[in-house]
Amino acid sequence: MEITVTVNGEARTVDVEPRVLLAHLLRDVLGLTGTHVGCDTTSCGVCTVLVDGTPVKSCTMFAVQADEREVTTVEGLMRDGELHPIQRAFKEEHGLQCGFCTPAMMLVGSALLERNPNPSEDEVRWAISGNMCRCTGYMNIVKAIRRAGQDMRAEREGPASEEVPTEQPAAPAAAS
Amino acid sequence: MYSAPFEYAAPTTLEEALSLLEEHGEDARVLAGGQSLIPLMKLRFATPALLIDINRIPDLDYVEESADDLLIGPLARNNALADSAALKERYPTMAAAAPLISDPVVRNLGTLAGSLAHADPAGDWGSVMLSLGARVAVTGPSGEREIPVAELFQGPFTTALEPTEVITEVRVPKPSDRSGGTYLKLERKVGDFATVGAAVSLELDDGHVGRAGIGLTALGPQNLHAKTAEEALAGAEPGEEAFDEAARLAADAAEPVSDLRGSADYKRETARVFVRRGLAAAHETATAT
């Protein structure tokens, strides 16, 4: 059947069988291979994408369900040639080793920061608990997500806040 | 993994969904969150000829209170329940369970009504609903009827729903002011099915136990309703003695099997400990002012 899915801001009209999973629409039909497929059983979370801003496992959603909805994949995080703050933070805090879980971790992290700009370590760990890192690099993933939150808050608050220390601030700025 | 081929319909009204269901009966399945149904379809344990996606029907995602009940729409997601202020304030058994359902990403899509319709004996919501004496409203060709959750489960993945019926609301009786409850779940890791789960709800009546509700997860061919333990508690003096006895009766009612998650003996003992702890915690909440 014919569906139109807005993927990373661009409307894409495609003809798919109803049984095609969203993960396969993205990877095999649209060529967006940043969305990975790991366990294919709703466990590992590496296929996570955002549908209307909400993280979902794209191996457990049919592409037809995304008709007329907005999907964001890791390829859509960059804006105007600039890395998204969460991408910068993953790079700077060494938030990846093999990189297989990274697209999903960044999308889940960015969705968390939209709802909660200043999450505690516990809140970050809770938010990523449906996503596995087989390198077990969780320490730096958590650091990177919190760092991105800090950078995004600093950007919003303007130049006065530029001197935010790299370490966690003693009194984190209130969530806006 | 690809499921078997199927036709897909995305009706925008409940009437349309019901008429499709009436037309296709057992060949059709209703898709809500899909977090259990889609994996089953991928494994080809479920091979519906028609998938009726109800996600385009507006206004089915509510969580609201009437004078007597908490009313949950068939598209209320598990994370909406986990975030609900009403649950945190008045439905402690549900508030304890909601954040333990699968994992945070799956909870963005999964629903309570879908979990009940799926009737997995290792599903968490079934036990919670049994402990709270909840009912489901189901709608079919001849209109709406109510089924107590205690009569809904008929066996593994089997419910009292007719093939032409769909759960249109979950109704949870509002507990009294002197009530408490919790859900305890042993799982190997976040997102795994329960090795053992126990839902406990307790209402006090003039210093004695009024209503007690106990549901057990992954301890039999369906979510188990520990009726003998509930009956022993009703009217009893709340305290260690009554709770120990109820826990023993609930563990006796369990029908665990040994599998990769643990031996039958281990699961039965865990059930006993969970029911005792759950009752103590529920009593503490009920007596706190």
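**Notebook: cores, sheet and helix packing**

I started from Ala271(B): leaving aside neighbours within four places in sequence, I found Ala271(B) in contact with Val196(B), Ala198(B), Leu216(B), Leu219(B), Ala250(B), Ala251(B) and Ala254(B). The model is predicted.

I then looked up the largest nonpolar core, which holds 84 residues. Ala271(B) is one of those that touch the most other members, along with Leu116(B), Ala250(B) and Val275(B). Ala250(B) also appears in the contact list of Ala271(B) above. Apart from this core I noted another, of 51 residues. Its members include Leu25(A), Met61(A), Ile128(A) and Ile141(A). As background, I wrote down that nonpolar side chains tend to be buried together in soluble globular proteins.

Next I turned to chain A. I read off 5 helices and 5 strands, in the pattern β-β-α-β-β-β-α-α-α-α along the sequence. Chain A has 176 residues, and 45% of them count as buried. I also checked the contacts in chain A between residues at least 6 apart in sequence: 61% of these join residues at least 24 apart.

I traced the sheet of chain A. Its 5 strands run in the order β2-β1-β5-β3-β4, and the sheet is open with mixed pairing. At the edges I found β2 (10-15) and β4 (54-57), each pairing on one side only. From one strand to the next the twist averages 40°.

Inside the sheet I looked at one pair of strands. In chain A, β1 (residues 2-7) and β5 (residues 70-72) pair in the parallel sense over 2 bridges. Opposite Val7(A) I found Val71(A) in β5(A).

I went on to what covers the sheet. Helix α3 of chain A (residues 102-115) lies across β3 (48-51), β4 and β5 of the chain. Relative to β3(A), the helix runs at about 35°.

Last, I looked up how α3(A) packs against helix α2 (residues 85-92) of chain A. Their axes are 10 Å apart and the angle is about 125°. Roughly perpendicular ends at 115 degrees and roughly antiparallel needs over 145, so I entered α2(A) and α3(A) as oblique to each other. I recorded the crossing of α2(A) and α3(A) as right-handed.

Which residues meet between α2(A) and α3(A)? From α2(A) I listed Ile86(A), Gln87(A) and Phe90(A). They meet Thr102(A), Met106(A), Gly109(A) and Ser110(A) in α3(A).

Notes
Residues are numbered from 1 along each chain as its sequence is written. Chains are lettered from A and ligands numbered from 1 in the order in which they are written. This is a predicted model: local features need pLDDT of at least 70, side-chain atom pairs count only at pLDDT 80 or more; totals for chains, interfaces and linings use all residues. Two strands pair if DSSP finds at least two bridges between them. Helices (H or I, at least four residues) and strands (E, at least two) are DSSP runs, numbered from the N terminus. Axes are lines fitted to C-alpha atoms, for helices over the stretch in contact, and angles run from 0 to 180 degrees between N-to-C directions. Two residues are in contact if their C-beta atoms, placed from the backbone, lie within 7 Å. A residue is buried if 20 or more other C-beta atoms lie within 10 Å of its own, exposed if 12 or fewer, and partly exposed in between; C-beta atoms are placed from the backbone. A nonpolar core is a set of buried Ala, Val, Leu, Ile, Met, Phe, Trp, Tyr and Cys residues joined through C-beta atoms within 7 Å. Angles under 35 degrees count as roughly parallel, over 145 as roughly antiparallel, 65 to 115 as roughly perpendicular and the rest as oblique. A crossing is left-handed if the near helix is turned anticlockwise from the far one by less than a right angle, and right-handed if clockwise.
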